[in-house]
Each structure stands twice: as structure tokens, then as C-alpha cells.
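Got your viewer open and a selection box ready? Here is a walk through one model, stop by stop.

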Amino acid sequence: MKVLKVKIKVADGDHKVTGSFVDKGLKPGGHSASPDVDIDFASDRRQEIKEYLEQRYNVNAKQRVFSAGTFSSMKLKAVLKDVARVHRIPVNIVNYITALFDDDKMGWTELFQLAAVNKKVRGFIQSYPEVIEDIRTLMGQPRSASIHASAIIVTPDTKDGEDADCFDFLPIRKMDDLLVSEFDGYAVDDIGLLKEDVLATKELAKLGSVIKIVNETYNKDYSIESITQDEINDSKTYSLLSQGYTQNIFQFANRGITRFIMDVRPDCIEDLIAINALFRPATLEIGATDDYIRYKHGEVAPVYNYGTYEATKNTYGIMTYQEQFMSIAHTLGGFDLGKTDYLRKAIGKKNAELMATLKDDFINGAMKNGCPEYEAQEIWHKIEVAGKYSFNRCISGKEKIYRPCGERWHPTIEEMYKLMNDLDYVRETNHKPLRSKYLRKGYGTAFSLNEDNRLVKNRIVDIRFAGVKALYRITLEGGKTIDVTLNHKHPTQRGEVRTDELVIGADMLFVNTGFDKKDTSYRFTDKGKENDRWYHNNFDIQKYELNSQKGHMGFIQRPESEYVKREYYRNNLMKNYCQEYANDCCRLKIHHINGSHAECGENYCNLKTLCVSCHKKVHSEMGCAKWRQKSQSTALVVVKSIEYIGDEEVYDVEMSAPYHSYAIENGIVTCNSHAAAYSLTSYCGAWLKANYPSAFYTVALQWADDKEIPMLMSEMEQCSNAKIVPPDINISKVQFFTDYNTNEIFWSLTRIKMIGIKTVDYIIEERTSNGEFTSIENFIHRIFKYKLKKYQYWDDPDNEQEAGRVPVNARHVKHLILSGCFDKIEQVKAVTGRYTILEKAAFELGFKLSDEEFPNDQVSYHYFWSMQQINLSGIGSIDYRRIYDNSKTRKDIKGKASYMTLRDAMDLDNEGKRIAVCATVIELDEISYKDKQTGEKKTFCKIKLQQNNDLMELICWSEFYSTNRKLVGSLKDKIIIVSAVIRYSDYNGTNSLNTYNTSILDKL
């Protein structure tokens, strides 16, 4: 190894800082608590920081660096099993009892509450009282020790004037070759040691990758520090953000905040910081975001309270940051820095008594500085309001997110964070494959609450460690609990409400009730909905006299009931043929047209005779099939109690837009956590996107989920010269690969269905060793050389095991061809030419091309092959305008609407226009609602349309949907032509397509 360059960095004068309260450092005394050092590092380099600290401070034969320990306490289930084992109680009895516990957070009180309603638990307590008495003293005691997710402690070099190791300050143990304290993080603070949280942020890892590519490709020497200092006034970056190109920009990718950025039109870093801080529930509720926009553009003059101009001049008089009300308390209220820190602590911990004493001190100090009393009261009120939302909303790391993971291991939030960011923990628990999956694909999916109060799958964006904070346990009726901070928000019957604002006995939280069917208005009796559990269970049924005679509904005698009418229709009016297709059939059914079995209609207009096949099809279109794929139901459950349970480690969980909520394992739904603003990090990402788009989008695509890629590709086409091209068998790699001379980003081979890393590695190894492939035959002969022994490439006839090591098969070859990997070497000029390549491959490998997979009437159409490519790889281009121009539907639409692309339809200037579009349907979602005027139950359908890289929503309103329900239900993955009107959606902040009564819809 040769050292090429040594660069010594020396500060040349004072550095510019923004709103710093460091002064000359931390002075002894006068502070509410010892500080923590929280620093974010790139998630893929966190281990390097831990190793550096050890190398930096473990010198001169001293051991000064170690990790903080944590302890898990004994829960009811574990204690009961352990104590029962000592008393020799049969295991099957104990397992039966513990299986009745809703979750692992039940306490002593909850146990007896359960016993009051469950005779099995009550019988166990009465049969084994000595077990119950023994577990009482053991519950809550430490059970096992582990390593803190991020806390590192460095002890002082000396103690009492003598050299000291970490062992001289507190007891240390060794776990898996790591030094870990016997004290937890709280005790470490109490004895006066400084704790550093080495946190991991995925965004920094992504930015580091982009900067590395830029430096290597363009011979630059950028860093995050240099970009945020030297390039902070780049007009190109602010222009990019103002136009709404915020995809994959940290903190700014959300649709709502993007709209806010476009309204603000930022031109300096202070605007970005304010945008990040203002886009919060509190400021949105009081309209501070709208005020900021008006003040920013000079529409209204800002109003400043007495003595607050200097602190709030950058935000036009709006209190936005912690630093602002700390500065006001210091300069106007006369607080010293120590007292200011107590104010921060009092607001953060919601200490009402301390806040009350500080309020009097602040008002008296402000009045001494000339502020009128009424205005001092107003300023203090603003400080309280701003302070309520100035801290992260967090959840206990011991909670588990409800995820669609079947019977697999289900980690807690803390464990998920450790798997992504703590390599030592991964080695200790032997979860390297799961860590690898997290690094490649993220944390996966969970369930979020949508606008219809149903749980739908949604992506987990990130999990961040947020330190140790006061936790409160919310208990619902039925015993389910959730542990969160006081300022954490929850969806309730009256909107999103903070923990400290929940009204016990009145407010209700949403709880997952599982994969219940939607209420489709089917009625087999006249007494209850099909999901009414109180109606269908056997509770207190003895007071009814069961009567199963005809003409009775439920338990009420009704001779003129709908049942009697239906039987009359069956015996006298039912047809002897299917009314749908007029075919004779021996198996006929009575169909209720509106879906309600409790209505025969006037003159039996709601009844129809159908054959069994048609009956099933109609029921399927009415939502009776594949209901599990749609969503999960929720129910509102009353909040029973809220209690403080101590200070514990908490985490921020960020969900993907637009549904910022998630369900935990026991079903309770809570809101997305809101992490602190990182405006400089956001600016760095935006600057790289504006100035080096090819490098930025290459890394963004490598980290993106499949659902994010179309939006990234669409934005890329609009705001940069980078472009995505189909995979090439001689260029593409495991990840997205970019040719920076042409700014072409080649599609990743692993994004093709059924093509795994081992398959791609094998192909690349052959390509690297023996040169580029020259044809499809050459590819097959070289890849399958040990299986196709007749070719000259078979150069090792004695190695019989090689034939079984080839991780490539005929299906892989077929998918590579359909994805366009061989278009260049086979000189394919049109996508229809891929059929010829398939025929060559089929001849070489001995498989057949079936008519079912490749119909003769489809293989000559361009869109057939483009659809194949899109379905298999996620990339492809369909000429929708060509399809529209050649369709029969064009004649029907002519004169009524004009053709427009989805990208043009998204332009706000086109609102109100009637247009025709041709696109692919990728999602269907039927939604029910009650008409506010008539009270009638209606349904409409949301359809997500895709035009290559552009996405847009089509709303089929109830009148149009009821008329075309059968057709709409069959549109999934089909190309359609539809006429619709463009309307702006306040909910989404974008345009959407809306059907009208005479809209034309055609499926190709």
C-alpha cells in the first residue's frame, strides 16, 4: 500500500453556525440532566464508527470504550411458566392458560380482570394460589441482559487524578467478545458518564453512494460537508424543488409537503428548514403553513410579538423551532442558559408543576424587560403550543408491527432496527440473510389505515432510534395495549389525537378485526349485518324460542315476510332457463339483483333466474370473491386507561405516503412517527439530483421498491437527461448500471422475475471470463456447456458435477428474451422480433412455445410483447396513442372528447377538460359510502391507470359504476380506452380522472 496524499484540515477562523446555544461549552451545574451526544451516520458505515472509537480511545493499554447494556424484564407469561415448572404443574394446563393472554404486556391487574370473565383462568387461580402468589414478586424483575442498539460510552482518562479504565467507573461484563456495562443507560447517566448514540440513517448511506460515483466518474472531490457549505445557494437546486421534483429527496418526497414546497417556492436554506419544521400537525391545524406562504410572497405583512423579532425573523414571526422559544426565554424572559434547558426539559416531559413555576418566572422577566403582561401571556401560550409538537412522536421498541409474514419469525421494532444497523447483533443472533434482505429491499410492508378506515398494505420507509423517553401505556377495553410517548398521535373517531389529549372512556382507537368481508348488503334475515358478532353468537340465546318454520325471519314470526315472497317466486314465477344468456339449464338459481336477500322488490323486480355459472360470475363482480386481497376491517374500541410505565428506548417508524399509520401486532392502529427535520441532508440530495441526475437516479433506483420505480422514471424523463433503457445481456449487472457517457441507466437483471443473484452472477462470470455473448445460440452454448455436451465449449469432460451447478434454466432464458436482453445482439428492430429469438432458444434447449402462452392472433401486435416485457421486468414502453388511433372506440369518442396523455392530464391548467385516454389498469378498489342527502348506500370504484411511467387515478362514480360494474370488475391488467373529465383532488393534491354519466369505457 502506498500513501498518495495526506491532507490536514485546519479551521481558518470562526465557523458560521445557525442558532447555536453552545457558547463556550457545557458548564458544570445549572442543567436539567447530563446531555447525550446523538449523531447520525450512514447505515452501512456505523460499524466503522464503533471500531474507530475503540482505536481512538483504547490506547496506552487502557480500555475506555464499551456499549451500554439493556435488560428485559420478566413478563406474565414467562413468569407463570417458570414458577409453574417449579411447582410441577402439567405443561399442557399452563400452555392453555398462557394462550388466553392477549399479549405479553399483561400485568397483575389485567390477570384478575381476565379471571373475572374467563372461568378457565379463574379456576386456575383458585386451584394453584401458591403459583399466583409467587409470580407477583417476580414480575418486572430483570430476566436477561442484552446490548443497547446504539449507545456507546467513553469513560474519562483519569479518576481522582489517577489513570483509570472503564472498570474503575462501573461493572463491565463480556458478551460475544464485546464489553457491555452491567448498568443500563439510565444508570450510566446517573453516575455522570457521557453516553453517545451512534445512530444509523439510510439516507446518508444513499448520499454517500451518489457522491462516491460523482467523485470517481467526474473527477470531483465533493462531500456532504462541502456541498452544504460551498453549494448552499445553488439556484438550480431551489428551482428543481419549486417545480415539485422531490422524488427520493429525504423528508420532501411526501405528496403533501411537495405541494407545500411548490407553494412556498424556496430560494434559500432557511426556507427549506422552515418547510420541514412547519409541515407538522400543530402548524397545519392552526394554518401556520398558509400564513408562511403569504408572508413569504409579501401578500400580508408579518406581525411580531414584543421582543421576538430577532428569534423569529427568519420564519416571519411564526414560532417554529425549539431554538426559537429557548432564545425568547433567554433574551425576553431573562432565563439563563441553565434555566432555558429546564424549560426545554419541562416541555418535553410535560411536567405541569415545573411549567407552572417557569411560567411565572417568564412573565415576570418579560415584564421587567418592558413587555406588557397580556402580551407576555400570549407569548407563553405560543411557546406551550409550539413545544407540544417540537419533539418526535415515538413508540416503544418492544412493540411489534403487524406484518403479512405468515408463520415466520416476527421481530420487534427494536430488533428490526438492530438487524439493519447493528452488525454485532446480527452476528450474535445469526440473522445475516435477513439483514441482507433489509439492506437490499428495506424493512418490507405493514398495514396502514386508508380513508375508508380499512387496513391496506403499505411500505415501511424507515425505522430510527430516538433515544430514551417517557412511555405511557394506553389500555383499551378488552385488554389490548400500546406503549407510546405522550405526544404520539393515534387515529380516532374524531381524527388524529395525541396520547395526552385522549379522553378516557370517550375516545376510541381503531383495532384490526382481521380479513372480514366487506358489508355487501346481503341479508339472510332482517335482523343484523353479516359481521354482527353479537347477532351470530350464542350468548344468552336461551331466552328465545327457536322456530324454524317457513315464513319466519330469525326468531320473529312474519307470515308476509320476504322469505314467503321468494318461495312464491320459486314455486310459481321462476323461469326454466337462464335469463342472462337464455340457455336451458337444469341447475338454476334465484339471484337478488341489488345484492340484498331481504328484498324481493315490487312485483319481484329484484329477482332474476340465472344458471349456476352466471350466478357465480355476478356474485364475483359484486365483491364476493377475492375479498382477502382488498383490505382488512377495523373496529373502534374505547380507551380504558393511560398510565406512565417508565422511561424506555423508543423508535420512530416512518410509513410510505399517503397513509401515515400502521397497526401493531395486537391490532391497534397508531400514527406514523414524525422524525426531526434534516434540511441540510435534504438539500444535499436535491443538489445532487439537480447537478448529477444520472448518478442520483442510479442509486435511487438501486434502493427503490418496485412500486416507487415508475414514479422515479417518470420524474427522470421530465427533469433530467438521464434515461432508463431495457437490460442488455452484455452490459447489465446485478444492480442498475449507468453509462455516464450517454447517461443511459441499464435495467438490473435481478429485477426480472425469477432471475436471482446466483443466476446473474453466473452469467456475469462467464461474460467476464470469456468475453461478450454474440448471439442467443452463443449464450446458450456457453451457459449450458456442461449440460449440452456436444459443443466445443465443454472443456472439462471429467467434471460430472458441473452439470448440476448451473443456476440457469430454460425459464430464465425465456424471461431474459422477453425482457429485451438479447435485442441488441440479435439486431431486433421491433419488439415483435423477439418471437424469432424464442424459437431459436426453444430449438436449442428443447422446449415448446405453446399457443396458450403466445396466441397466434396476438404475436404480431407490438403491445402484446411490450406487456410481456413490463409484466416480467417492470420496464417497457407501449405506444398507447397508436393503440387508440387504431381502435374502433375512437370513432365513438370523436367529437365528444380529445385524446390526451396522462402526463398532460396531470397539468393543473387542464382541469375541467373532457379527454380520452388509453392506459393499463393496474389496481381496482371498490369503496362504499352513505349518501349524506338520501342516506342511501352507494358504491364507486377507484382505478389506478398506468401509461408507461405515468400513473393517474380514475374515479368511476356510483351511477356509471352501477351500470358498468361487470365490465369494470374485469379490467385488472387490461388496456382500456375511457372518456373522462379532469378534476382536481383536494385529498391527493393532484388532478384525477372522473367518469360522467355518458362516459365511454372499452376494454381491449
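## Stop one: a ring cluster

Start by selecting Tyr218, Tyr222, Trp687, Tyr692 and Tyr740, which ring pairs link into a cluster. Bear in mind as you click around that this is a predicted model. A search of the whole structure turns up 29 aromatic pairs, and one of them is Trp687 with Tyr692, a tilted pair whose centres are 5.9 Å apart and whose planes make an angle of 55 degrees. Are Trp687 and Tyr692 buried or exposed? Both Trp687 and Tyr692 are buried.

Now hop to Tyr861 and Tyr863. This pair is tilted too, with 5.7 Å from centre to centre and 35 degrees between the planes. Switch on a surface here: Tyr861 is partly exposed at a relative accessible area of 41%, and Tyr863 is also partly exposed, at 25%.

## Stop two: charges over rings

Next, pick Arg914 and Tyr996. The charged end of Arg914 sits over the Tyr996 ring, 3.8 Å from the ring centre. Then select Lys159 and Phe169: Lys159 lies over the face of Phe169, and the distance to the ring centre is 5.3 Å.

## Stop three: strands 2, 6 and 7

Change to a cartoon view and colour strand 7, residues 178-184. What does strand 7 pair with in the parallel sense? That partner is strand 2, and two bridges hold the pairing. To see the register, show Ser67, whose bridge partner in strand 7 is Val180.

Strand 7 also pairs with strand 6 (residues 172-175), where the two run antiparallel and four bridges join them. Show Met175 and you'll find Leu178 of strand 7 opposite. Strand 6 and strand 7 make a hairpin with two residues between the strands. Click on Asp176 in that hairpin: its phi is positive, near 50 degrees.

## Stop four: two more positive phis

Most residues other than glycine have a negative phi. With that in mind, two loop residues deserve a click.

Go first to Ala61, in the loop between helix 1 (46-57) and strand 2 (65-73). Ala61 is not a glycine, yet its phi is positive, at about 60 degrees. Ala61 is exposed, because its relative accessible area of 82% is over the 50% cut-off.

Then find Asn248, in the loop between helix 10 (235-242) and helix 11 (255-264). Its phi is positive as well, near 70 degrees, and Asn248 is not a glycine either. Why does Asn248 count as buried? Its relative accessible area is 16%, and buried means under 20%, so Asn248 falls on the buried side.

## Last stop: zoom out

Reset the view and take in the whole protein. There are 38 helices and 32 strands to look at. The protein has 1004 residues, and 48% of them count as buried. If you like contact maps, consider the contacts between residues at least 6 apart in sequence: 65% of those join residues at least 24 apart. Finally, put the full surface on: the protein exposes about 51500 Å², with carbon and sulfur atoms supplying 48% of that area.

Definitions and conventions: Residues numbered from 1 in each chain as written. Predicted model: local features only at pLDDT ≥ 70, side-chain atom pairs only at ≥ 80, totals over all residues. Heavy atoms only, no water. Buried < 20%, exposed > 50% of the residue type's maximum accessible area, 1.4 Å probe, protein only. Phe/Tyr/Trp six-rings, centres within 6.5 Å; stacked < 30°, edge-to-face > 60°. Lys NZ or Arg CZ within 6 Å of the ring centre and 35° of its normal. Pairing = 2+ DSSP bridges. Contact = heavy atoms within 4.5 Å. Areas by Shrake-Rupley, 256 points an atom, 1.4 Å probe, with all protein chains shown as cover.
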